[in-house]
Amino acid sequence: MTTQSLSSVPTRTVESASMGLVRQKLEFRSGNEAAALAACDVGYHLMGYFPITPSTEVAENLSKMQSEGMHEIVMVAGDGEHGAAGICYGAALGGGRVLNATSSQGLLYALEQLPVQAGTRVPMVLNIAARAVSGPLDIRGDHSDIYYALNTGWIVLCARDPQAVYDMNFAAVRIGEHLDVRLPVIVVYDGFITSHQKRRIQVFDDPQAVRSFLGERPDFPSPLDTEHPATFGAYMNDPDLINNKVQLSQAMEAARSVIPKVFAELEAMTGRSYPVLDSYLMDDAEVAVVLLNSAAETAKETADELRAKGLRVGVLSPNVLRPFSSELFRQQLRSVKAATVGDRADSYGAGGGNLSLEVRAAIQEDPQNGTRILSRIYGLGGKDFYAADAGQFFELALEAAASGEVAIPFAYHGATPGQPGRGARPGLAPIRAEEVSRPMAHVRRNASTGRLEVELEPLWKMTSVPNRIAPGHGACPGCGAFPTLHQVYNVLQGDVVVLFQTGCAMVVTTGYPSTAHRINYIHNLFQNGAATLSGLVEMYHERMRRGEVPESKDITFVMISGDGGMDIGMGPAIGAANRNHRMIILEYDNQGYMNTGAQLSYSTPFGHRTSTSEVGASLPGKRYHHKDTAQIFAACHLPYVFTASEGYPEDLMRKVAKAQFYAKNEGLVYGKILSYCPLNWKVADDSGQPVLQAAIDSCFFPLYEIEHGHTTLTYDPDAADRRHPVSDWLKLMGKTKHLLTPANAAVVTGIQAETDRRWARIKAMHEHPLL
Ligand SMILES: Cc1ncc(C[n+]2csc(CCOP(=O)(O)OP(=O)(O)O)c2C)c(N)n1
Ligand code: SF4
Ligand SMILES: [Mg+2]
């Protein structure tokens, strides 16, 4: 067995034949579409991804294209971005071409994997539609995500418009796979501004030209090569670790010379030129503005106007952020008297964002350079950058050039004082426990069985209970999440503190400064809510033990999550379950990632259509069966696990009453609640009841509870003589209509067989005295 070291890499270089302009055609495409088109043309082996706005469309477009037979890329939905990055790493180690796309928190969640991949020198391409990082959560564009990736050892190419997104995706493959480089590559473009706005772009109309530009992926050592066994990622200590980093640094340096050559080849093919440092009107400029990506194009228009007035101004914008083009900046700024460098993200406390700090560092090494630098943070959270803003940037630099002084070296541009005193605004006044706590459910333990029994007040009485969520939130008409929450809140007594993971129910109830929550509410991103709530629960008990919180305080802690949150957040939720914190986790399962545009979740059933499991001649919808989350939690030996549906309110409310008892007295409770999503199930707003009923009567979604390890069916369609085939349910929804065609008969048979198997298992557990 050998240990793979970089020096053992074969030195074969892949040079494409030099070629003239190749055949291209005009398309009208957004940045995300351009990235997907390029992926199709590259013919990646595999894409690992996890949906996050605004980059999700890359995977969605590829799913659509795949359903139409346009490519054969294996599309693997990760359980989160960390998982997706791991999938990509493994796949890239396997020797094929690999793609990923993400944004914002997704990049941060994947970040841990990025140095691993760069450190072991495994190329792939990652598209980033740059977006503000949380918190607070904001889906629009800035560069706070990409700045976190600058120290990971990945090459970073910048694309300021959809055309550049398309072109850079080809350059990225070539650069990363170059044997002197052998590094993974990021292509970053601005969220929404570039990812979503359509432009005319030229795309290749000659697959042969693309193939000869890209060449074959070189044969890097791979664990799939069992003829040459090797260790990948050996534990490394002094002095090897530092030497490994030297090699990584040398690879970055090698990229400095490889990148312009690849760009030149691309130019010869396409006629489009990408200098490493894009400089506009800089030949005789005395004043410059330096900006990254789309904002630079705005500044160019302003520069034209100022030039027309006789002012010698220019614009600099790097097309490559890693390796950083220090020498080119030195050259371009040598005769510039002052420059304003704009950063769409701050490096808090450093006196500037990364771009301005690096420009300062670059010119500081040049004794001939006297350029005054002004750092300005602009455009955070997607705040627009207009020509007038660029004008102010030029004005600042012009003043500094004239006076030789920089009055304010660092400031935020475009921030307003806001409205002091304008805090969160509830839709209705906050509500106290006494107002909402009516004894709607009476819980008592049966002394002989040890199980809880619940007596419910009649449903009509519930209508008199004021709600802990104010009306007027932004959910779609007919959305099932809110009837579910109302049923839950009707039964819960006393003080309740809720944590909502990211998802529809969270997004539509809080939009600063408004909030629909009338009780204490916390949001954490859907990968980590359970850990956060468990920390709060522990603090509550500890402070009570220390006498800092009165013994009379009696809070129930509830986490609300979508089914997607039980994919990406599964680890922390299982962690909380294994620690058995006294809290309730309620999952409203609408069978997909609905707030981000209905992508598949692991709870999406087999064959169902989502925006990442499209349907067409080459794709029949989702390719694997739904996750049985309730059984996963059952394996944690919790005091209480249940399934329920908003369509069976009394059953649901009985279970919630039990859940509150167990969460207060014994430990963690998990409940999975089937919840109607008319928008993405493609059903009428008012058809919730029959559709949910059909899902339950087909035994696809059994209603049961597991109390101290004993399973009890709370509704048995067999016993009620209401059992129907799953096709009776599938025919009711737009998202599954395609399954009823003869071509998809095998998929329906598969769903039926898996439903029957799981139902038989639950029934056997129900009948068994120990299970
Ligand atoms: C780390 C991270 N990845 C991705 C996202 C984007 N995102 C937010 S909510 C969501 C889907 C939520 O799905 P689910 O939990 O089922 O709730 P639903 O929207 O269906 O109600 C996604 C993909 C994010 N905010 N953070
Ligand atoms: S998309 Fe679906 S889950 Fe989200 S608010 Fe609309 S109906 Fe509700
Ligand atoms: Mg969902």
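Two helix axes that cross at 65 to 115 degrees count as roughly perpendicular. Keep that cut-off in mind for the first stop on this tour of a predicted model.

**Stop 1: two crossing helices**

Select helix α11, residues 326-333, together with helix α12, residues 354-364. Their axes come within 9 Å and cross at roughly 75°, so α11 and α12 are roughly perpendicular to each other. Now show the side chains where they touch: Ser326, Phe329, Arg330 and Leu333 on the α11 side, and Val359, Ala362 and Ile363 on the α12 side. Sorted by class, this contact has 5 nonpolar, 1 polar and 1 charged residues.

While you are here, step back along the chain to proline 323, in the loop between β14 (320-322) and α11. The peptide bond joining arginine 322 to proline 323 is cis, with omega of about 0°.

**Stop 2: a threonine inside**

Next, pick threonine 340 in strand β15, residues 338-343. Is threonine 340 buried or exposed? Its relative accessibility is 0%, so threonine 340 counts as buried. To see what surrounds it, leave aside the neighbours within four places in sequence and display Ala288, Val289, Val290, Leu374, Arg376, Phe393, Leu396 and Ala397, which are in contact with threonine 340.

**Stop 3: the magnesium ion**

Select ligand 3, a magnesium ion. Which protein atoms are its donors? They are Asp563 (OD), Asn590 (OD1) and Gly592 (O), lying 2.0 to 2.1 Å from the ion. Along the chain, these donors follow the spacing D-x26-N-x1-G. Aspartate 563 sits in the loop between β25 (555-562) and α19 (565-568), while asparagine 590 is in the loop between β26 (584-589) and β27 (615-616). The two are 27 residues apart, and the pair links distant parts of the chain. Both aspartate 563 and asparagine 590 are buried.

Then click on glutamine 591, which is also in the loop between β26 and β27. Glutamine 591 has a positive phi of about 65°, although it is not a glycine. With a relative accessible area of 2%, glutamine 591 is buried. Most residues other than glycine have a negative phi, and most peptide bonds are trans.

**Stop 4: around ligand 2**

Move on to ligand 2 and show the residues around it: Ala475, Cys476, Cys479, Cys504, Asn590, Met594, Cys677, Pro678, Leu679 and Asn680. You have already met Asn590 as a donor of the magnesium ion. By class, this shell has 8 nonpolar, 2 polar and no charged residues. Which helix gives the largest share of the shell? Helix α23, residues 678-681, contributes 3 residues.

**Stop 5: a covered helix**

Colour helix α20, residues 570-579. Its buried residues are Met570, Ala573, Ile574, Gly575, Ala576 and Ala577. Show what covers them, including α18 (529-545), α19, β26 and α21 (629-634). Just after α20, asparagine 580 takes a positive phi of about 55°.

**Stop 6: two loops to finish**

Go to proline 136, in the loop between β6 (125-130) and α6 (144-148). The peptide bond from glycine 135 to proline 136 is cis, with omega near -5°.

Finally, select arginine 182, in the loop between α7 (162-177) and β8 (185-190). This arginine 182 is not a glycine, yet it has a positive phi of about 50°. At 5% relative accessibility, arginine 182 counts as buried.

Terms used: Residues numbered from 1 in each chain as written. Chains lettered and ligands numbered in written order. Predicted model: local features only at pLDDT ≥ 70, side-chain atom pairs only at ≥ 80, totals over all residues. Heavy atoms only, no water. Axes fitted to C-alpha atoms, helices over the stretch in contact; angles between N-to-C directions. Helix = DSSP H or I, 4+ residues; strand = E, 2+ residues; numbered from the N terminus. Parallel < 35°, antiparallel > 145°, perpendicular 65-115°, else oblique. Contact = heavy atoms within 4.5 Å. Nonpolar A, V, L, I, M, F, W, Y, C, P; charged D, E, K, R; others polar. Donors = N, O, S within 2.8 Å, 3.2 Å for Na, K, Ca; no water. Buried < 20%, exposed > 50% of the residue type's maximum accessible area, 1.4 Å probe, protein only. Near = heavy atom within 4 Å.
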